[in-house]
Amino acid sequence: MAGAHDQERKSLVMAEHIRRHGAKLDEMEMSRPKGAVISLALGLTVTAFMAVLIACRLRVVKRRGRGRGGEFSHDADYLVNGMYFKASCESGDEHTRIVDGKEAPDGAFPYMVSLRKDLKHRCGGSIIADRWILTAAHCIKDLKGDEILVVAGSNQLDSGGQAYQSVKLIAHPKFSMQLGVKNDVGLILVNETIKLSDKVKPISLPDSDIDENNYPAVISGWGRLEANGEVPNNLQYMTTCLLSTSSCWWKIPFLGKGNICTFTKRGQGNCNGDSGSPLVSDDVQVGIVSFVIMTCAMGFPDVYTRVWTYRDWIDEQMVQYNSYSVGKI
């Protein structure tokens, strides 16, 4: 928790930033077939802010937040659903063109789902229970309860998988896009029990908050490969680094306790179509893709909804609506 001096400095910096530059929220591409993402355009002086970014670095940190002992090396192989991926929090070549990383191996992310409207990919999501999908509120806000098709069990958008129809969409009641994006969390209840298999499994949610400072994580999604670029047919993934709240605040001063950030290097990050996708660390979902600054992979941290902050709300909604049938909703 920040002290009084930190709070005062934060308020002054935010006020001065708003006075000089203002903040503009680009329109979400909610009706486009290539998926939705929130892009937050800020009149920041990029060079000055880049100078104070505390970059992710390679070091050993202790596991915290889920009662697991031992240590984890940042340059070690990273285990996801029994498969190993190279995890690194080192800064790299800032001119790389990679935005969403590499193609995911078959079955590597069994909790991952594609959310589709009018049969076109809109957002990502994650299976968290036998009828429940976790996603971002801006992916489902203002849609009817049966407008989303959830496809699980396939890494390809054009083939395979199991399809389930939404019967209820629940966006957080305090979701807001005023000076930033707040409470960007939502739930989807599907019409029948999801059939589990090696390629279809739920992801665990956190039992406590994570000590995110430079800790490795993995993000998966069908977001564009570059700004205004193509949507990949094959699921993409990348390993990334969780930033401490203070490090992220220096770049994006209006963030709150309900957010978590990642940053690897300029030219790598989330893009349109990744919204709602899960950020996972130690096989636990710690974040939901929420928004990017200015445009994709511009050297700013990617911003996620912090799942732990909303764990109680998620559980309450699932208890309230879990027994509902299509006819009751």
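**Exercise 1. Helix H5 and its two sides**

Task: Which residues of helix H5 (residues 311–321) are buried, and what does H5 carry on the face turned away from its buried side?

Solution. Start with a list: Arg311, Trp313, Ile314, Gln317, Met318 and Tyr321 are the buried residues of H5, which spans residues 311–321. Next, look down the helix axis: these residues cover an arc of only 165°, so they sit on the same side of H5. Keep in mind as you explore that this is a predicted model. Now turn to the face pointing away from the buried side, where you will find the exposed residues Asp312 and Val319. Finally, check what the buried residues pack against: strand E9 (120–129), strand E10 (132–135), strand E12 (162–171) and strand E13 (186–190).

**Exercise 2. Following the barrel**

Task: In what order do the six strands close into a barrel, and which residues stand opposite each other where E8, E11 and E12 pair?

Solution. Trace the strands one by one: the barrel closes in the order E8-E9-E10-E13-E12-E11, with antiparallel pairing. On average, neighbouring strands of this sheet are turned by 40° against each other, direction ignored. As background, strands of a sheet pair through backbone hydrogen bonds, either parallel or antiparallel.

Now zoom in on E11. Four bridges join E8 to E11, and the two run antiparallel. Here Val113 stands opposite Ala152 in E11. Then move on to E12: E11 and E12 also run antiparallel and are joined by four bridges. Ala152 has Gln162 as its bridge partner in E12, while Val150 has Tyr164 as its partner in that strand.

**Exercise 3. The surroundings of Ser114**

Task: Is Ser114 buried or exposed, and which residues does Ser114 touch?

Solution. First, place the residue: Ser114 belongs to strand E8, residues 112–117. Second, read its accessibility: the relative accessible area of Ser114 is 0%, so the residue is buried. The cut-off needed for this step is that buried means under 20% relative accessible area. Third, gather the neighbours: leaving aside residues up to four places away in sequence, Ser114 touches His121, Cys123, Leu149, Val150, Val151, Leu157 and Trp222. Fourth, pick out His121, whose side chain makes a polar contact of 2.8 Å with the side chain of Ser114.

**Exercise 4. Salt bridges across the chain**

Task: How many salt bridges does the structure hold, and where in the chain do the partners Asp106 and Lys199 lie?

Solution. The count comes first: there are seven salt bridges in the structure. One of them joins Asp106 and Lys199, whose closest N and O atoms are 2.8 Å apart. This pair links distant parts of the chain, 93 residues apart: Asp106 is in the loop between strand E7 (102–103) and E8, and Lys199 is in the loop between E13 and strand E14 (215–221). Lys199 counts as partly exposed, at 36% relative accessibility.

Next comes the salt bridge between the side chains of Glu147 and Lys117, at 3.6 Å from N to O. Glu147 lies in the loop between helix H3 (137–140) and strand E11 (149–152), whereas Lys117 is in strand E8, 30 residues apart. With a relative accessible area of 26%, Glu147 is partly exposed.

Then take Asp209 and Arg306, a salt bridge whose closest N and O atoms are 3.0 Å apart. Asp209 lies in the loop between E13 and E14 and Arg306 in strand E19 (residues 302–306), so this pair ties together parts that are 97 residues apart in sequence. Asp209 is partly exposed at 33% relative accessibility, whereas Arg306 is buried at 5%. One last step: salt bridges that share partners join Lys117, Asp118 and Glu147 into one network.

**Exercise 5. Strand E19 and its partners**

Task: Why is E19 described as largely enclosed by the rest of the structure, and what are the bridge partners in E19 of Thr262 and Ile288?

Solution. Begin with burial: five of the five residues of E19 are buried, so the strand is largely enclosed by the rest of the structure. Now look at its pairing with strand E16 (residues 259–262), which is antiparallel and has four bridges. Here Thr262 has Asp302 as its bridge partner in E19. Strand E18 (residues 284–293) is also joined to E19 by four bridges, and the two run antiparallel. In that pairing, Ile288 has Thr305 of E19 as its bridge partner.

How values were computed: Residues numbered from 1 in each chain as written. Predicted model: local features only at pLDDT ≥ 70, side-chain atom pairs only at ≥ 80, totals over all residues. Heavy atoms only, no water. Buried < 20%, exposed > 50% of the residue type's maximum accessible area, 1.4 Å probe, protein only. Polar contact = N/O pair within 3.5 Å; in protein donor to acceptor, adjacent residues only side chain to side chain. Contact = heavy atoms within 4.5 Å. Arc of directions from axis to C-beta. Salt bridge = Lys/Arg side-chain N within 4 Å of Asp/Glu carboxyl O. Pairing = 2+ DSSP bridges. Axes fitted to C-alpha atoms, helices over the stretch in contact; angles between N-to-C directions.
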